[in-house]
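Got your viewer open and a selection box ready? Load the model and we'll walk through it one stop at a time.

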Amino acid sequence: MRAVVVSDIHANSEALRAVFSRVRRKKFDCIACLGDFVGYGAEPNQVLDAMRTFKGTKYYIRGNHDRFVAALEEGNGFNPAAKSAAEWTREHLSAPNRRFLEKLPLGPIERGGFVLCHGSPGDEDEYVFNEFHAGRIFETFEAPIILYGHTHLPVIFSIDRKGKVRGSAVRGDAIVRLDPARRYLINPGSVGQPRDRNPRSSFAIVDSDRRTAQFLRVPYNIAKTQTAILKAGLPVVLANRLKWGT
Ligand SMILES: [Fe+2]
């Protein structure tokens, strides 16, 4: 199974468009989205229309922002900018897109030989940043490849048969060979709001047959996305941070 893996699009349609045009000529069997389709950005309907109507096999789960926008909770734990953007999104969603968000499944789900989750397999709100935390997840979940998002940081953790955990942040474009003797936790980074000080949109292509994880970064029209955010009256910080990738 060869999967295009995207996460944390955050209503940034310019970034998503750049990702789609990068994969257009590439071969893949499915697209997996690890949640946070919306929130922060000003183009939720454009993003959801594109993701809903994407031709091909789709494996999608919800993120914490999708959950909040779909009004399944009160937004505890959201900072003020995130909360006001989510409330704005709620008011601007089309009916089909609202229904789509409401029906998005909670991870983890197992599809195509991968486990998909937003934060971690045990908790969609949990941030996985370090090897210690990754090790605890490897102890609890046996899957050979777990795909996760939420941190907006491209990274790969693995564990060998003796229980030794290794993790490394992925800088820029990279192809990582997946050792059959190891299990993996793979985060493709964020399409719409990267936070590793690289403003380019981040995603991955993970191939379970060839055993490779390819990380890719693509430039997109950041100024256009920022203008849309400011025009919508969303918090200025949400526009500014895109330029720095923070
Ligand atoms: Fe996110």
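Before the first click, one cut-off: a residue is buried if 20 or more other C-beta atoms lie within 10 Å of its own. Keep in mind too that this is a predicted model.

**Stop 1: the loop after β1**

Select Asp-8, which sits in the loop between β1 (2-6) and α1 (13-23). Is Asp-8 buried or exposed, and why? It has 31 C-beta neighbours inside 10 Å, so Asp-8 counts as buried. Now check its backbone: phi is near 50 degrees, a positive value in a residue other than glycine.

Add Ala-11 to the selection; the loop between β1 and α1 holds this residue too. Ala-11 isn't a glycine either, yet its phi is positive, about 55 degrees. Because Ala-11 has 33 C-beta neighbours inside 10 Å, it also counts as buried. For background, most residues other than glycine have a negative phi, and most peptide bonds are trans.

**Stop 2: a cis peptide**

That last remark about peptide bonds leads to the next pick. Zoom to Gly-107 and Pro-108: the peptide bond joining them is cis, with omega at about 0 degrees. You'll find Pro-108 in the loop between α5 (95-103) and β4.

**Stop 3: the sheet**

Switch to cartoon and follow the strands. Six of them make an open sheet with mixed pairing, and the order to click through is β4-β5-β6-β10-β7-β8. At the edges are β4 (109-111) and β8 (165-169), each pairing on one side only. From one strand to the next, the twist averages 20 degrees.

Now select β10, residues 183-188. What does β10 pair with on the β6 side, and in which sense? Strand β6 (residues 145-147) runs parallel to β10, and three bridges join the two. Ile-145 is the one to label, as it stands opposite Tyr-184 in β10. With β7, β10 pairs in the antiparallel sense, over six bridges. Label Ile-156 as well, since it stands opposite Ile-186 in β10.

Turn on the side chains of β10. Arg-183, Leu-185 and Asn-187 point one way, while Tyr-184, Ile-186 and Pro-188 point the other way. As a rule, side chains in a regular strand alternate between the two faces of the sheet. How many residues of β10 are buried? Six of its six are, and the strand is mostly covered.

Bring in helix α6 (residues 131-140) next. It lies across β7 (154-159), β8 and β10. Relative to β8, helix α6 runs at about 130 degrees.

**Stop 4: α7 and α8**

Select helix α8, residues 236-244, and colour Leu-238, Ala-239 and Leu-242, which are buried. Why do they belong together? They cover an arc of only 100 degrees around the axis, which puts them on the same side of α8. The general geometry helps here: an α-helix has 3.6 residues a turn, so residues three or four places apart point the same way.

Spin round to the other side of α8, where Val-236, Lys-243 and Trp-244 are exposed. The buried residues of α8 pack against α4 (80-92) and α7 (222-231).

Show α7 alongside α8. How do the two axes sit? They pack at an angle of about 175 degrees, with the axes 8 Å apart. The two helices are therefore roughly antiparallel to each other. On the α7 side, the contact is made by Ile-222, Thr-225, Gln-226, Ile-229 and Leu-230. From α8 come Val-236, Leu-238, Ala-239, Leu-242 and Lys-243. Sorted by class, this contact has seven nonpolar, two polar and one charged residues.

Step just past α8 and you reach Gly-245, which takes a positive phi of about 65 degrees.

**Last stop: Asp-49**

Finish at Asp-49, in helix α2 (residues 44-52). With 16 C-beta neighbours inside 10 Å, Asp-49 counts as partly exposed. Draw a C-alpha to C-alpha distance from Asp-49 to Asn-79: they're 30 residues apart in sequence and 27 Å apart in space.

Conventions. Residues numbered from 1 in each chain as written. Predicted model: local features only at pLDDT ≥ 70, side-chain atom pairs only at ≥ 80, totals over all residues. Pairing = 2+ DSSP bridges. Helix = DSSP H or I, 4+ residues; strand = E, 2+ residues; numbered from the N terminus. Axes fitted to C-alpha atoms, helices over the stretch in contact; angles between N-to-C directions. Contact = placed C-beta atoms within 7 Å. Buried ≥ 20, exposed ≤ 12 C-beta atoms within 10 Å, placed from the backbone. Arc of directions from axis to C-beta. Parallel < 35°, antiparallel > 145°, perpendicular 65-115°, else oblique. Nonpolar A, V, L, I, M, F, W, Y, C, P; charged D, E, K, R; others polar.
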